[in-house]
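This report looks at a few places in one protein chain. Look at the sequence and the model first, then read on.

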Amino acid sequence: MKLATLKNKSRDGMLVVVSSDLTHCVAVPNIAMTLQQALDNWAHCEPLLAEIYQALNQGEIEGMEFVAKQCESPLPRAFHWADGSAYVNHVELVRRARGAEVPESFWHDPLMYQGGSDTFIGPCDDIRFTSQEWGIDFEAEVAVITDDVPMGCSLEQAQNSIRLLMLVNDVSLRNLIPAELAKGFGFYQSKPSSAFSPVAITPDELGDAWYKSKVHLPLHSTYNRASFGLPNAGQDMTFSFADLIVHASKTRNLAAGTIIGSGTVSNKQGTEYGSAVTEGGVGYSCIAEIRMIETIRDGAPTTQFMQFGDTIKIEMLDGLGNSLFGAIEQTVVEAK
């Protein structure tokens, strides 16, 4: 099943069921006005939404044209957004670039931070900042939305709690991060609003590509209309989504609608540093990673962070080349 949220005059938008090919959609106010309402009553709403989805795909319901630019992120705001760092290869590069080793604990105790979730950016909305000196970067990730999760849940409970999946652009302001982390109190200004794919999908939409709570498909990042990265989201993922949910729920209950991110998708690629797409590799899911490699290899980075006017597209395709979630397509602009 595929679900989206269309923009309207409310903060939380209007829930729609989207056809499998992402061409048509239908509003379902008789079932739930918003995605959060559906998640709050998933046991009741899910089978009703699934019936609409089947009818839409079979042409029994005409629906209306689905336009990604009219979408909010599936959850325009959420009660809880926590981003992990499931790809230790990415963490290793970050630390190696500054001459630090990866602690042994990082391989069995995931990193995670709680981000701001009161406002998310629409998947096709501009990314607005007052300064490009802040080190604007995209981070291509995958995320899950959970049902209610009890504190101290088991791995099986965690896996069974996953209701929907999305793609993420976890926008980061790299030049603000060092000073914030030096305070010893974590991210805040350096982690502004994130954006999510136009469509959220149930795990069964991935078929065989979804197993062991990982998505085993390439995540495509196109930066300024050139291929920048296509690492496989299931490869080199040290911690599965179930692992991340277990970690997040250790000391608290998680409410329905909690979003858990994977962190920047990163493949080791069988080489010391990995390779750019232009060099025949799978590339990278953020600018910071290629800058880390330039620092390790050459002594200093040469690739600049995003400037006003730069564009980023993040998308995942199935084995037949069909877009699964729709595309995040954004432009960085100056906030006036």
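A strand here is a DSSP run of E of at least two residues, and strands are numbered from the N terminus. The model is a predicted one. Lys2 lies in strand β1, which covers residues 2–6.

Lys2 is buried but forms no salt bridge. The nearest side chain of opposite charge belongs to Glu205, 4.5 Å away. A salt bridge needs a side-chain nitrogen of Lys or Arg within 4 Å of a carboxyl oxygen of Asp or Glu, so a distance of 4.5 Å does not qualify. The side chain of Lys2 does reach the backbone oxygen of Leu324, at 3.1 Å.

A second place is Glu334, in strand β20. Is Glu334 buried or exposed? Neither term fits: its relative accessibility is 36%, so Glu334 counts as partly exposed, because that class lies between under 20% for buried and over 50% for exposed.

Strand β20 spans residues 328–334 and pairs with two strands, as the table shows.

| Strand | Residues | Sense relative to β20 | Bridges |
|---|---|---|---|
| β7 | 127–129 | parallel | three |
| β19 | 311–315 | antiparallel | four |

In the pairing with β20, Phe129 stands opposite Glu334, and Ile314 stands opposite Ile328.

Leaving aside residues up to four places away in sequence, Glu334 touches Arg128, Phe129, Thr130 and Phe308. Thr130 is 204 residues from Glu334 along the chain, yet their C-alpha atoms are separated by 5.5 Å.

Note on methods:
Residues are numbered from 1 along each chain as its sequence is written. This is a predicted model: local features need pLDDT of at least 70, side-chain atom pairs count only at pLDDT 80 or more; totals for chains, interfaces and linings use all residues. Side-chain values use heavy atoms; hydrogens and water are left out. Buried means under 20% relative accessible area, exposed over 50%, partly exposed in between (1.4 Å probe, protein chains only). Contact means heavy atoms within 4.5 Å. Two strands pair if DSSP finds at least two bridges between them. Lys and Arg count as positive and Asp and Glu as negative; His and the chain ends are not counted. A polar contact is a pair of N or O atoms within 3.5 Å; within protein, one must be able to donate a hydrogen and the other to accept it, and residues adjacent in sequence count only if both atoms are side-chain atoms.
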